[in-house]
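Subject: Structure for you to look at

Hello,

Here is the structure you asked about, followed by notes on what was found in it. Please keep the sequence open beside the notes as you read.

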Amino acid sequence: AIALVGGAALADATSTVGDDPLAVDQASIGGDANIHSDATAITVEATRGGSARSEADGGAGGLLGSGALMKAVATVTGKVKAFVGDGATVGTTSGKPANLKLSATDNATAAANATVGSGAIGFTAGASDAEATASPEVDAYIGSNAKLVLEDGLGHDIDVDAVLNDSEADANAKSYGGSVGITIGEPEATA
């Protein structure tokens, strides 16, 4: 915003993945399952690559005074689950699967960037605020009272993996200003 006497500008940018507290990406074998298949490889896999990016850039200028605030927020939350449900049957003595693999994986990234510029002859203030959060949950498990019977011998394994790969949050805030009188600038970045 540019004005002859005074100018002001405000921008707020928000980006969110998993904003519902009940948001779950999952793969599962239900509790009522009864699997009795010889030599079958069973894989239950849930993978998510949640990414949020937010950017707010702008400024204000005026002859006597100006002020500007730019705010950017990026958030990745939620859950990734892979599981065998409570009470499920995976294999029986008459039908033994070869192996069971459970895998829950998340690759979460959040990035927030805010840049502000302000200028005036008398007074100018510019603030930029960037907030980035990446806090996903991963969970892989075998439920209570689940019955597992696999083929005998080497290589007939149960693998349970919960992996959070390089969960990353980056925040960058920049404030630029110029004035003959008073200049105030406050960049704040939180990750």
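How many bridges join β5 to strand β10, and in which sense do the two strands run? Eight bridges join them, and the strands run parallel. Please keep in mind that this is a predicted model.

The first sheet

Strand β10 covers residues 99-106. The sheet that holds β10 is open and has three strands in the order β5-β10-β15, with parallel pairing. Its edge strands are β5 (41-48) and β15 (158-164), and each of these pairs on one side only. From one strand to the next, the twist averages 5°. For a single example of a bridge, take I42: its partner in β10 is L100.

The second sheet

Another open sheet is formed by three strands in the order β4-β9-β14, again with parallel pairing. Strands β4 and β14 stand at the edges with a single partner strand each, so one side of each has no neighbour in the sheet. Two bridges link β4 and β9 in the parallel sense. I35 stands opposite V90 in β9.

T89 also lies in β9, which covers residues 89-90. Is T89 buried or exposed? T89 is buried, because its relative accessible area is 14% and the cut-off for buried is under 20%. Leaving aside neighbours within four places in sequence, T89 is in contact with A33, N34, I35 and K147.

V84 and its surroundings

V84 is found in strand β8, residues 79-84. With a relative accessible area of 0%, V84 is buried. Which residues touch V84, once its neighbours within four places in sequence are left aside? They are I29, V90, L100, L102, Y141, I142, G143 and A146. For one of these contacts there is also a C-alpha separation: V84 and L102 are 18 residues apart along the chain, and their C-alpha atoms are separated by 8.1 Å. Two other names in the contact list of V84 have come up before: L100 is the bridge partner of I42, and V90 is the residue opposite I35.

Nonpolar cores

In soluble globular proteins, nonpolar side chains tend to be buried together. In this model, the largest nonpolar core has 18 residues, and A68, M70 and A112 touch the most other members. Strands β2 (6-17), β6 (51-62), β7 (65-76), β11 (109-120) and β12 (123-134) each supply at least two residues of this core. The largest share, five residues, comes from β7. Apart from this core lies another one, of 14 residues, and its members include I29, V44, A88 and V90. I29 and V90 are also among the contacts of V84.

Two loop residues

Most residues other than glycine have a negative phi. Two loop residues here have a positive value. A39 has a phi near 60° and is found in the loop between β4 (34-35) and β5. N145 also has a phi near 60°, and its place is in the loop between β13 (137-142) and β14 (147-148). N145 is exposed, because its relative accessible area is 64% and exposed means over 50%.

Regards

How values were computed:
Residues are numbered from 1 along each chain as its sequence is written. This is a predicted model: local features need pLDDT of at least 70, side-chain atom pairs count only at pLDDT 80 or more; totals for chains, interfaces and linings use all residues. Side-chain values use heavy atoms; hydrogens and water are left out. Helices (H or I, at least four residues) and strands (E, at least two) are DSSP runs, numbered from the N terminus. Buried means under 20% relative accessible area, exposed over 50%, partly exposed in between (1.4 Å probe, protein chains only). Contact means heavy atoms within 4.5 Å. Two strands pair if DSSP finds at least two bridges between them. Axes are lines fitted to C-alpha atoms, for helices over the stretch in contact, and angles run from 0 to 180 degrees between N-to-C directions. A nonpolar core is a set of buried Ala, Val, Leu, Ile, Met, Phe, Trp, Tyr and Cys residues joined through side-chain atoms within 4.5 Å.
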